[in-house]
Structure formats: C-alpha cells, structure tokens
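Open the model in your viewer and keep the selection panel at hand. The tour goes from one strand and its partners to the contact between two chains.

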Amino acid sequence: MDGLNALLDGMSAALTPMNLLYAFFGVLLGTAIGVLPGIGPAMAIALLLPLTYTLPVEQAIIMFAGLYYGGMYGGSTTSILLNTPGESASVMTAIEGNKMAKAGRGAAALSTAAIGSFVAGTIATFCLALLAPQVVKVAIQLGDPDYLAVMLFAFVAVTTVLGSSKIRGFASLGLGVWIGLIGIDPTSGQQRLTFGIDQLSDGIDVVVVAVAVFAMGEALWIAAHLRRAPARITPIKGRWMTREDLSRSWKPWLRGTVIGFPFGAIPAGGAEIPTFLSYISERKLSKKPEEFGHGAIEGVAGPEATNNASAAGSLVPLLTLGIPTTATAAVMILAFQTYGIQPGPRLFQDQGPLVWTLIASLLIGNAMLLLLNLPMAGLWAKLLLIPRPYLYAGILMFASLGAYAANGSPFDLWLLLFIGGLGFAMRRFGLPVVPLIVGLILAPRAEVFMRRALQISDGHLSGLVNTTFSKVVYVLIALLIVAPFIWSRVRGRRTPPEGPVGPSSPTTGADDARVHANTEGA
Amino acid sequence: MRMTSLVRSAAITAAAALALTACGVSKTDDTASGSDSSASAQKLSGLRIMVPNSPGSGYDQTARAVSADLQSAGLSGSIEVFNQAGAGGTVGLARLVNEKGKGDLLMQMGLGVVGASYSNKSEAKLTDTTPIAKLIEESEAIVVSKDSPYKTLDDLINAWKANPGAVPVGGASNPGGPDHLTPMLLAKTVGLDAKKVNYVAYDGGGELMTAVLGKKLGFAATGVSEVVEQAKSGDVRVLAVTSDKAVEGLDAKPLKDQGVDMVFTNWRGLVAAPGITDADKKKLVDAVTALHGTDEWKKTLADKGWADAFVTGDEFSTFLTTESDRVAGVLKELGLA
C-alpha cells in the first residue's frame with residue numbers, strides 16, 4: 001500500500017505542535033466565517049487566504065485544510081439553530097435540523113452533524129488518498145447525457161417530498177424552477193425573466209433564496225402570529241445525543257458518505273444534489289417516516305455527512321488532474337500558485353510530499369473540528385432560549401447580512417425582502433418549501449445538461465441516451481416509477497387491503513409548511 | 001494586420017513612456033526602483049477601484065494587485081477596492097458612467113465587459129468612459145484532446161468548415177465572453193458563417209477541461225493558463241494560440257504563423273469615469289505608468305503569470321474603440337447585440 005505509507009509520512013510531517021496550532025486556528029476561523037450565511041466555504045477561503053501568505057508552504061496548507069473543512073461545517077450550525085442555511089449545501093440540513101432545534105433537540109442535531117461530518121469527512125479523505133486515480137478515470141468519462149439522467153433521477157425521487165397535496169407541491173416546484181431560470185441563458189446569451197433589471201441577469205443566488213424563504217418567511221410568519229401564540233419556552237432536552245439518536249444516525253452517516261464522495265468527484269456533481277438524494281433516501285429508508293417534517297435525526301445526519309464527503313470528493317479532480325471543479329477548488333489553486341506550485345496532472349509526482357501533507361492535514365483538521373464543535377453543541381443550542389422577538393430580530397439581521405455578503409449588492413436585500421414575502425405567502429397558503437429549493441437548484445442545471453447533450457450530438461435525440469451510464473440510470477428511473485405499483489399489487493394479494501403503505505405512497509410525504517403552521521401558528 | 005501594428009505601436013509608446021518617466025527622475029541608470037520612478041507621478045489619495053464582478057474573480061485579483069502595488073510603491077495613499085457585481089460587469093459600468101466627472105474612481109475591466117455591454121444591450125458603453133490603461137493580456141488557445149483526429153490546425157479547420165454542426169466548440173464563457181468570441185472570430189477569418197458555429201458554454205475552466213479530456217468536444221477555445229499544465233503532461237494538444245507571438249512554455253504556433261490572419265487576446269485594463277478633468281486623467285495615467293515601471297509590478301506579473309500589455313491614454317482609447325467595433329460586429333451578426 002504505497003498510498004498508505006505516503007499518507008503516514010504526510011501525517012508525521014503535519015503532526016508537530018506548531019502545525020497543530022495552525023490547524024486549530026484554521027478550523028476556528030473557518031467555522032467562524034462559515035457560520036455567516038452567504039459566505040460559503042469558497043468565499044471564506046478567499047477572504048482568509050491572505051493570512052496564509054506569510055507562512056511557510058506546509059503550515060499554510062495545514063491552516064488551509066482547517067479553513068476548508070471549518071468553512072464547510074460552519075454552515076450547518078445556523079441551518080439547524082436559525083433556519084438560515086449558510087450555503088446551498090446545508091439547505092437540506094435546515095429542514096429537519098431546525099425542527100429538531102425547535103423541539104429542544106438542537107444539541108442532538110448539532111452533534112449528529114458534527115460527528116457525521118467527521119465520520120464522512122474522514123472516510124472520504126481516505127478514499128481520496130487511496131482511490132483518487134481510479135475514481136477520476138471513471139468521473140472524467142461522464143458527460144452531459146449522464147448528468148442529465150442523474151438530474152432526472154433526482155427529479156423523480158423528489159416528487160415524493162412534494163407533500164400531501166400534490167398540487168401545492170408542484171406549484172412550489174414550479175416557483176423554484178421559475179426563480180432558477182431567471183438570468184442570462186448560457187447557450188443563447190438572451191436574458192430570460194429579468195424584466196430588464198440588470199441585476200437579475202446573473203441569476204438569483206441560491207443562498208439568497210434559501211435564506212429568504214426559510215429565515216425571512218418564518219420571521220414574518222412569527223411576527224404575524226406572535227400575539228396570538230402563547231410564549232412558550234422549549235425545554236432543552238439533553239446536552240448530547242442519546243443512544244437511540246446514535247443508533248439512528250450511523251447508517252445515514254455511512255450512506256451519506258457513499259452518496260457524497262462520488263458526486264464530489266464528478267466534475268459537475270457539486271454538493272447540493274447529493275444532499276437531496278441523501279435526504280430522500282433517508283426519508284424512504286427510515287423506520288419512522290412519520291417523523292420527517294417534525295425533526296427526524298436521519299434528515300440531519302445524512303445530508304451533513306453527504307456534504308462533507310462531497311467536499312473531500314471535489315479534491316479528486318483537483319489533485320489528480322489539476323482541474324478545479326468547484327469554486328472552493330478554484331480558490332485552492334490560487335493558494336497553490338502563490339507558492340509557485342501549479343496543480344496539474346503531475347502534481348502527485350512533482351509535489352508528492354506536499355499533497356500527502358495536505359491530505360493528512362485534512363484528516364487532522366477534521367478531527368479538530370469535532371473536538372472544537374462537539375462540546376459547543378449544548379451551548380449553541382441554548383441560543384433558542386432567547387425570547388422570540390429578540391431571536392427573530394437577530395435572525396433577520398443575520399439573514400440580511402448574509403444576503404448582502406454574498407455579492408455585496410444592495411439589490412440582494414430587496415430581493416431578500418421580496419422572496420421573504422413569497423416565503424410568508426407560501427406558509428400562509430400551505431405550500432411546502434422544499435420543492436421550491438429543489439426546483440431552483442435542479443431545473444437550471446438539468447436544462448444546461450440537456451441542451452449541451454443535444455448541442456454536442458448536433459441535435460440528434462440519441463445524444464441523450466448514447467452512454468451506458470445514462471441507460472442504466474434511465475432503467476433505474478423506470479424501476480423507481482413502476483416498482484411501487486407492482487409492490488402494492490403483490491402486497492395487496494397477500495394481505496387484505498389496509499390503505500397505501502409502501503414507502504413511496506403519497507401519504508408518507510408530510511406537508512412541511514402545514515406542519516409548520518400547526519406547530520408555530522395556531 | 002491592423003491589430004498587430006496597433007499592438008506594436010502601443011508597445012513602442014509604452015516603452016517611450018517608460019523611458020520618459022525614467023528620465024524625469026534623475027537620470028539614474030536602468031536599476032531605477034519603484035520609489036524612484038514614482039517621483040514623476042503625483043501621489044494619489046482617496047482612490048477607489050471598482051471591480052465589476054465578485055471577489056476572487058480575475059478582475060478582482062488584478063484590481064487588488066494594482067492596489068497593493070500602487071500603495072507599496074508609494075504611488076498612492078490607501079485605496080478602497082470594492083465589488084459591484086452584476087450582468088457581466090455592465091452594472092458596474094453603468095455606475096461608473098453615472099459618476100461622471102469624479103476623478104478618484106477607477107474601474108477594473110477587460111474584454112469580457114466589452115462583450116457584456118453589447119450582449120446585455122447596456123446603455124452605458126465603455127466608449128463613454130475615460131480609458132486609462134490596458135495592463136495585461138492572455139492569449140487564447142485552440143485545444144483538442146490528445147486522441148483527437150485533428151493533428152494540425154488545418155485538419156481542424158477543414159473538418160470544421162465541412163460540417164460545423166458536427167464539431168462542437170467548447171468554451172468557459174457565456175456568449176460575448178473571450179472563449180465565445182475566439183471561435184466566432186476564427187470562423188469569420190476562415191470563411192465560415194459565425195452563425196453555424198456550434199458553441200457550447202461551460203461553467204468555468206474545470207468543467208470545460210473535463211469535457212476536453214472526456215473527448216466530448218470537437219475542440220475548445222480557452223485561456224492559455226487553463227491548458228498549460230495539461231499540455232505539458234501531454235493530455236491535450238494545443239493546435240494554435242491566438243496571440244501575436246508564441247506563448248512561453250507552450251509548444252504551439254500563433255494562428256497568424258499558420259496562415260490564419262487573426263490576432264485576438266483577452267485583456268484587462270483600467271478605465272475612469274467619463275468627463276473627468278485633463279489634470280485628473282493625467283494624474284491617473286502617470287500613476288499607472290509609474291506602477292508599470294516598478295519592480296513590485298514586475299514581480300506581480302511574474303508571480304501571477306500575466307503577460308504585460310501596457311498601453312495608456314489615447315492609445316488605449318483607440319484600441320478600445322477598435323476592439324468594441326470588432327466585438328459588436330460579431331455579436332450583431334449572431335443576433336446578440
């Protein structure tokens with residue numbers, strides 16, 4: 001095992017007291033900056049990069065690894081506690097995580113996120129160290145038809161989270177697609193749905209929309225109902241995870257790793273789509289699907305593990321091919337370049353020890369993250385004891401800060417208010433919020449992949465299914481649609497009918513918005 | 001060709017300007033350091049530099065490097081660099097044009113903003129602004145994967161002309177950006193209708209390079225810095241570069257040495273608000289000229305791998321007008337402007 005030996009060498013290079021101190025600072029700063037909504041890991045690293053310039057290259061890289069994982073992790077804290085996702089990869093965490101926090105189980109949610117991130121990050125980093133060259137060979141063969149097939153798979157899977165009212169679910173999905181398509185069409189260069197407003201031509205930042213519909217919409221809803229709802233203080237239950245939490249979390253952590261790592265490694269994968277898939281699969285596989293929508297711990301454990309695994313995965317094309325596939329990786333290349341290192345296909349050969357130090361540092365940073373955040377979970381969770389008027393005023397300020405920080409544009413604040421109003425209206429009329437976010441992220445990408453696939457095949461429809469991978473995925477999609485019917489038919493024959501039971505029956509999808517209205521509004 | 005002579009004369013002017021500043025100092029020898037050459041320029045104060053897109057972008061890096069070097073060379077007091085993102089730079093451009101007469105504001109810009117101002121049908125045009133200097137440029141590369149059937153530029157162009165639809169061209173910019181304009185101008189130069197070009201836009205150089213390596217495309221047009229490492233390792237083949245001369249570290253001939261009469265580079269520069277006084281303009285041009293002579297700036301260029309393309313004032317103004325016409329011409333033909 002050459003890789004393992006090299007990794008151990010890297011470990012010994014990284015494990016000096018001074019280096020550990022830098023790792024600690026990196027993690028601390030990364031978490032602190034990552035907590036701010038609107039400042040995702042890429043921006044956090046870009047902002048903090050100058051700090052590393054004065055350091056020798058190894059220490060810089062160690063600090064950098066801390067910043068990277070710290071920034072990835074920071075987003076989950078605000079998602080869970082304040083319903084304000086710091087970046088698009090932690091949107092799914094907010095859905096169940098915030099419900100848990102409201103039920104007084106914030107500490108458990110934060111703990112499962114922290115441990116899940118650690119577990120997934122560690123396993124994925126080992127995968128990166130040992131499998132990168134093999135993984136990348138497969139990843140690079142995937143093309144637009146394959147990506148399109150995966151998107152369609154996600155779309156079909158997502159219809160199960162549309163909620164109990166399909167019409168409301170599709171309306172919400174439609175709204176998301178609409179917002180997602182605003183901006184310049186990348187193929188023809190034409191502006192779409194921008195109403196002549198220049199600021200809209202770059203499209204609307206996902207973080208602005210997520211913060212608006214989650215945090216802003218909710219704050220407005222609370223403000224509208226505060227006087228009618230008795231002020232009640234949620235008891236904080238437990239400082240940590242219970243045995244039951246743990247036994248419900250470990251499988252989602254591992255599944256999240258399996259879903260997240262390959263998605264991170266494929267160049268157009270990203271971290272959002274695997275978190276959807278993780279959320280959906282946890283919802284389907286859960287023994288207590290009725291808890292989804294009310295704070296199911298699996299819904300936090302899965303997506304959080306997934307986004308960390310995909311963060312490690314996104315280093316695969318960077319380190320093996322020198323290709324940055326995410327904004328964060330692009331910033332990372334800048335960091336390398338400051339030291340005169342040009343990441344490329346020969347990085348492993350030319351700069352072997354340095355690369356292994358980086359990978360070892362990622363493992364160390366990850367462990368440090370756990371040590372730093374786990375004891376804090378109980379403390380953070382107490383944040384929700386703040387009386388609601390102050391708490392929501394704080395959330396609003398935080399949300400505005402985040403929306404502004406994403407692009408430094410005052411226009412985004414207006415957008416935040418407007419979409420926040422939309423989020424309020426959606427709660428009022430019982431439209432679930434999740435499909436909106438899903439449509440917002442999936443639709444524009446699916447469109448791009450479909451058009452590119454058709455462009456490359458010069459307009460022949462066969463261009464959509466001309467790869468083995470895409471064919472396999474389409475078969476899976478067909479199974480996903482047909483299987484429940486067959487399943488219920490088989491069951492129906494064996495046992496007398498007792499209503500729809502199968503995992504994908506429409507009743508399993510709890511209507512998030514209405515559940516919300518019931519718990520908060522009445 | 002017009003473009004080449006322009007670049008050459010620009011280079012001469014730049015050299016002359018340099019010599020002048022050096023003379024103005026104290027007739028010291030060639031080792032004039034940053035602080036020496038700054039003596040000829042008035043120290044700026046309260047300068048603001050607007051970046052018309054997001055932090056971390058190419059424009060952002062350039063503006064921040066300019067700001068840092070101006071300050072460390074003592075050419076300016078503290079400088080505020082701020083981002084005004086939107087619509088490929090046209091939001092920032094509109095703001096600059098609105099700040100008419102303000103002599104303390106520079107905007108970082110480049111070829112991308114020229115294209116965006118047309119494709120977004122912006123009312124504000126770069127020709128409205130006061131051009132200060134073109135700073136750097138990057139050549140574009142015509143790239144194929146190592147297994148591509150196209151061994152030479154001629155192979156590629158023949159196949160492309162025979163069936164443009166079957167040779168999809170990838171680029172990492174939206175329509176109106178450098179990677180889009182390169183194949184369009186190339187098509188026009190070799191006698192192919194630009195409308196027939198099957199241009200596939202990718203989201204960033206990483207996605208594009210993956211598509212090239214995965215053999216999904218006929219060829220790709222993108223900045224040379226994106227392909228240098230892949231070319232060195234032999235994973236891709238660079239059939240041509242679009243600059244006037246060959247690019248260091250890249251084994252590829254310019255288009256014009258291969259019988260295609262075209263020179264086109266992606267450049268970045270600085271412009272100021274319209275209607276500023278001649279004194280203000282001179283102050284800014286002098287400061288940037290002095291900056292260009294400093295060791296700090298030379299080091300920045302070397303560290304970042306940027307090619308020097310220094311042109312100032314009226315010369316830059318002429319360049320900007322020609323370039324704008326050229327870009328507008330292609331985009332109009334494509335129905336994009």
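Select Val144(B) and Arg237(B): in this predicted model, Val144(B) stands opposite Arg237(B) in strand E8 of chain B. Now widen the selection to strand E4 of chain B, residues 130-145, and to E8(B), residues 236-241. The two strands pair in the antiparallel sense, over five bridges.

Keep E4(B) selected and add strand E7(B), residues 219-223. Four bridges join this antiparallel pair, and Ala141(B) faces Thr222(B) there.

Next, add strand E9(B), residues 265-272, which runs antiparallel to E4(B) and is joined to it by eight bridges. Look for Glu138(B), with Asn266(B) of E9(B) opposite.

Then add strand E10(B), residues 307-312, which is antiparallel to E4(B) and has four bridges to that strand. Here Ile136(B) has Asp308(B) as its bridge partner.

Is E4(B) mostly covered or mostly uncovered? It is mostly covered, with 14 of its 16 residues buried.

Now show chain A together with chain B. The contact involves 34 residues of chain A and 38 residues of chain B. About 2900 Å² is buried between the two chains, and carbon and sulfur atoms give 52% of that area.

Select Glu207(B) and Arg452(A). They form a salt bridge, with their closest N and O atoms 3.0 Å apart. One salt bridge is found across this interface, along with six residue pairs in polar contact. On the side of chain A that touches chain B, helices H5(A) (91-141) and H18(A) (434-456) each give two or more residues. The largest share, three residues, comes from H18(A).

Notes
Residues are numbered from 1 along each chain as its sequence is written. Chains are lettered from A and ligands numbered from 1 in the order in which they are written. This is a predicted model: local features need pLDDT of at least 70, side-chain atom pairs count only at pLDDT 80 or more; totals for chains, interfaces and linings use all residues. Side-chain values use heavy atoms; hydrogens and water are left out. Buried means under 20% relative accessible area, exposed over 50%, partly exposed in between (1.4 Å probe, protein chains only). Two strands pair if DSSP finds at least two bridges between them. Contact means heavy atoms within 4.5 Å. Buried area is the accessible area (1.4 Å probe) that two parts lose on being put together, summed over both. A salt bridge is a side-chain nitrogen of Lys or Arg within 4 Å of a carboxyl oxygen of Asp or Glu. A polar contact is a pair of N or O atoms within 3.5 Å; within protein, one must be able to donate a hydrogen and the other to accept it, and residues adjacent in sequence count only if both atoms are side-chain atoms.
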